[in-house]
Amino acid sequence: MASITRALRPLSRTTPSVRLATRRPLPSRLPRSAAPAFSTTSHQRDIDLSQLTPTPITLMSETETFLAESVSKFAQEQIAPKVRDMDEAETMDHSIVDQLFEQGLMGIELPEEYGGAGMNFTSAIVAIEELARVDPSVSVMVDVHNTLVNTAILKYGDAQARRTWLPKLTTGTVGSFCLSEPASGSDAFALKTKAEKTADGYKLNGSKMWITNAMESGIFIVFANLNPSAGYKGITAFIIEKGTPGFSIAKKEKKLGIRASSTCVLNFDDVEIPKCNLLGEEGQGYKYAISVLNEGRIGIAAQMTGLALGAWENAARYVWNDRRQFGQLIGNFQGMQHQIAQAYTEIAAARALVYNAARKKEAGQDFVQDAAMAKLYASQVAGRVSGSAVEWMGGMGFVREGIAEKMFRDSKIGAIYEGTSNIQLQTIAKLLQKEYTR
Ligand SMILES: Cc1cc2nc3c(=O)[nH]c(=O)nc-3n(C[C@H](O)[C@H](O)[C@H](O)COP(=O)(O)OP(=O)(O)OC[C@H]3O[C@@H](n4cnc5c(N)ncnc54)[C@H](O)[C@@H]3O)c2cc1C
């Protein structure tokens, strides 16, 4: 199968990220999606909306639209048949990981010189959303790899680091972002993993918890404190490769949801790291973590929006096509229709927040509050919609056959990782208070 992002490269070079494209014929290599795209995304390329300023937030460029359609088709054809088995086995199918690389979905924003697709941030958001519509576990693998790991190295690595790690991250090596520890979750910078200087570089001791992709990863960005007396200003980021002596995966967690996504405890016992594996500058790790997590939150918000839509579509098809009670389709009852309409409206609202945050980030505007609001609200919507979808499908929503109950279980993680919902509320309130305090 041809790479999705490679097929789009000529477009991504010529189409500015946010400007809208006028209608052009589809390149013949691009597969069209059988599934209808979410209709709040305008695909009206026959009208030249580029003259309108500002443009609708969820209106995509031609490249982004093609990407959404291609990823949707890929997810339906290649991932959907494996979702249930991967969830039951609590394992990511290796062939799917390989395909993510082949499709160019593991280097969406990275420049072509590193093997990336050279696309914009919104393209990464589009891909994460479309994958989550089918499987939030595959989506979070792509999300962490692109929005946290690739971004951290591209933004903060020096030229040598970028040349060393990025080509690996685009061609077959999965990445993990290792900040949380047993005693530091929301209070992330209270981390205890220690780094000390040695003649050749650094030595690391400590442990990390909840590390996404750990079973599949070959490259780990690890935050450790090089100068605990300086508090969070001692936090430093290092790159550690799988197989480095003293570095081990201690435990794989058994989880409520996103069970195909690996989540592990990592141990570091006198792990020797060469100087060149320092990421950026000593003592700047907390800044790097804050910065990439601010962006990453938009990715999680996109994952939750995609999840909500996937759960909604699955149930909508059932109630409007398959299930009859009292002599008619259950989706004909007004009591059902109002709930279904309410849920779709909430998904559209979540989506507007997600794309607004993404566009603001791309435009170089302050987007921290927007990202927090998008993550908070999209997680709430994902929980509500996937929960309602189980009920709309009755017993069929409750059994482990389709995706309804899985989406409901998967939705819970949105309120926890990359900052819990309380922490998002705290961020939003803090920024609002600053603005409104006389
Ligand atoms: C499946 C999964 C994958 C993950 N992947 C990664 C990863 O790849 N890399 C990584 O570094 N981490 C990862 N994490 C960790 C994740 O970011 C943390 O779980 C999260 O930040 C919350 O930390 P905690 O679990 O320690 O909860 P705690 O911080 O103990 O929070 C527990 C509760 O207390 C509340 N709380 C805490 N402080 C406050 C406060 N000040 N005000 C109000 N309420 C508060 C929280 O909102 C929450 O409801 C992952 C977690 C999970 C479950």
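**Exercise 1.** In this predicted model, decide whether Glu90 is buried, partly exposed or exposed, then state where Glu90 is found and describe its phi.

*Solution.* Glu90 has 17 C-beta neighbours inside 10 Å, so it counts as partly exposed. The cut-offs are 20 or more for buried and 12 or fewer for exposed. Glu90 belongs to the loop between α2 (62-89) and α3 (94-102). Its phi is positive, about 50°, although Glu90 is not a glycine. Most residues other than glycine have a negative phi.

**Exercise 2.** Treat Trp210 in the same steps: exposure, element and phi.

*Solution.* Inside 10 Å, Trp210 has 19 C-beta neighbours and therefore counts as partly exposed. Trp210 is found in strand β3, residues 201-212. The phi of Trp210 is near 65°, a positive value in a residue other than glycine.

**Exercise 3.** Describe the length, the bend and the burial of helix α5.

*Solution.* Helix α5 covers residues 136-156, which is 21 residues. From first to last C-alpha α5 reaches 28 Å, close to the 30 Å expected at 1.5 Å a residue. At Asn150 the helix bends by about 30°. Of the 21 residues of α5, 20 are buried, so the helix is largely enclosed by the rest of the structure.

**Exercise 4.** Which residues does Asn146 contact, leaving aside its neighbours within four places in sequence?

*Solution.* Asn146 is found in helix α5 and counts as buried because it has 28 C-beta neighbours inside 10 Å. With those sequence neighbours left aside, Asn146 is in contact with Met106, Ile108, Glu109 and Ala124. Asn146 and Met106 are 40 residues apart in sequence, and their C-alpha atoms are 6.1 Å apart in space.

How values were computed:
Residues are numbered from 1 along each chain as its sequence is written. This is a predicted model: local features need pLDDT of at least 70, side-chain atom pairs count only at pLDDT 80 or more; totals for chains, interfaces and linings use all residues. Helices (H or I, at least four residues) and strands (E, at least two) are DSSP runs, numbered from the N terminus. The expected span of a helix is 1.5 Å times one less than its number of residues. The bend at a residue is the angle between axes fitted to the seven residues ending there and the seven starting there. Two residues are in contact if their C-beta atoms, placed from the backbone, lie within 7 Å.
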